[in-house]
Amino acid sequence: MIRSNKMAGMIMFFMMLGSTAVFAQTPQMPQQEQQQTEVTDAELTKFVEALKGVQMVTQQAQQKMMQMVQEEGMEIPRFNEIHQASVDPKVEVEATSEEKATHKKIIGELETMQAGIQEQLESLIKDQGLSLERYEQIAMRLQSDTQLQQRIQQMIQG
């Protein structure tokens with residue numbers, strides 16, 4: 001069940017653009033501790049470079065996943081609908097046994113693909129000189145810290 005939830009989170013991560021949190025299994029820091037963790041310019045530069053790589057890899061992975069779903073003969077919205085119902089007992093959807101079998105096959109292929117993607121993302125982050133934990137801390141703080149968002153925008157723009 002945990003593996004299924006992790007996979008669901010990973011699929012939703014790739015299917016939804018704009019997320020900076022890569023490692024959902026990393027425990028979140030308490031809000032107060034997040035705010036007290038200062039992000040240096042050097043760390044932020046490393047984070048921005050890692051983020052660029054992460055975004056490129058996730059876009060490529062998303063395209064491969066969407067292609068995989070379509071090659072199996074299923075439309076993306078239908079796959080997402082069936083998948084949501086498979087991970088959330090509150091969501092009900094009528095699906096044929098063929099659709100369920102196709103969904104199960106696709107999930108198996110995505111799980112295989114996910115391990116490689118995860119390794120690639122971790123390598124990208126480490127190659128920039130950040131620990132996975134520190135990358136996640138900065139990503140979490142970025143979601144609520146407007147000053148940090150502005151610093152990143154300034155770095156990206158030049």
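These legends accompany several close-up views of a predicted model of one protein chain.

**View 1. The whole chain is built from helices.**
Let's start with the overall picture. The protein chain has seven helices and zero strands, so reading from the N terminus the elements simply run α-α-α-α-α-α-α. Of its 158 residues, 39% are buried. The chain exposes about 9,800 Å², and carbon and sulfur atoms supply 49% of that area. Many contacts bring together distant parts of the sequence: among contacts between residues at least 6 apart, 78% join residues at least 24 apart.

**View 2. Thirty is the count to keep in mind here: the largest nonpolar core has 30 residues.**
Which residues have the most contacts inside this core? They are Phe-47, Phe-79, Leu-110, Ile-117 and Tyr-135. Five helices each supply at least two residues of the core: α3 (41-71), α4 (76-87), α5 (97-127), α6 (132-142) and α7 (146-157). The helix that gives the most is α3, with 11 residues.

**View 3. Phe-47 and the residues it touches.**
Here we zoom in on one member of the core. Leaving aside residues up to four places away in sequence, Phe-47 touches Leu-130, Tyr-135, Ile-138, Ala-139, Leu-142 and Ile-152. Tyr-135 is, like Phe-47, among the residues with the most contacts inside the largest nonpolar core. Phe-47 also takes part in the meeting of α3 with α7, to which we return in View 5.

**View 4. Helices α3 and α5 pack with their axes within 10 Å.**
Two packed helices are described by the angle between their axes and the distance between the axes. In this pair, the axes cross at roughly 170 degrees. That angle makes α3 roughly antiparallel to α5, and α3 passes α5 in a right-handed crossing. On the α3 side, the residues that meet α5 include Ala-50, Gly-53, Val-54, Val-57, Thr-58 and Ala-61. On the α5 side, the residues that meet α3 include Ile-106, Glu-109, Leu-110, Met-113 and Ile-117. Two of these α5 residues, Leu-110 and Ile-117, are also among those with the most contacts inside the largest nonpolar core.

**View 5. Helices α3 and α7 also come within 10 Å, axis to axis.**
How do these two axes cross? They do so at roughly 65 degrees, which makes α3 roughly perpendicular to α7. The crossing of α3 past α7 is right-handed. From α3, Asp-41, Leu-44, Thr-45, Phe-47 and Val-48 take part. Their partners in α7 are Leu-148, Arg-151, Ile-152, Met-155 and Ile-156. Look for Phe-47 and Ile-152 in this view, since the two touch.

**View 6. Gln-128 sits in the loop between α5 and α6.**
Is Gln-128 buried, exposed or partly exposed? With 29% relative accessibility, it counts as partly exposed. Gln-128 touches Lys-46, Glu-49 and Ala-50, not counting residues up to four places away in sequence. Although Gln-128 and Lys-46 are 82 residues apart along the chain, their C-alpha atoms are separated by 5.4 Å. Ala-50 is also one of the α3 residues that meet α5.

**View 7. Ser-123 lies in helix α5.**
Our last stop is another residue that counts as partly exposed, because its relative accessibility is 35%. The C-alpha atoms of Ser-123 and Val-54 are separated by 9.9 Å, while the two residues lie 69 apart along the chain. Val-54 belongs to the group of α3 residues that meet α5.

Technical notes: Residues numbered from 1 in each chain as written. Predicted model: local features only at pLDDT ≥ 70, side-chain atom pairs only at ≥ 80, totals over all residues. Heavy atoms only, no water. Helix = DSSP H or I, 4+ residues; strand = E, 2+ residues; numbered from the N terminus. Buried < 20%, exposed > 50% of the residue type's maximum accessible area, 1.4 Å probe, protein only. Contact = heavy atoms within 4.5 Å. Areas by Shrake-Rupley, 256 points an atom, 1.4 Å probe, with all protein chains shown as cover. Core = buried A, V, L, I, M, F, W, Y, C linked by side-chain atoms within 4.5 Å. Axes fitted to C-alpha atoms, helices over the stretch in contact; angles between N-to-C directions. Parallel < 35°, antiparallel > 145°, perpendicular 65-115°, else oblique. Left-handed = near helix turned anticlockwise from the far one by under 90°.
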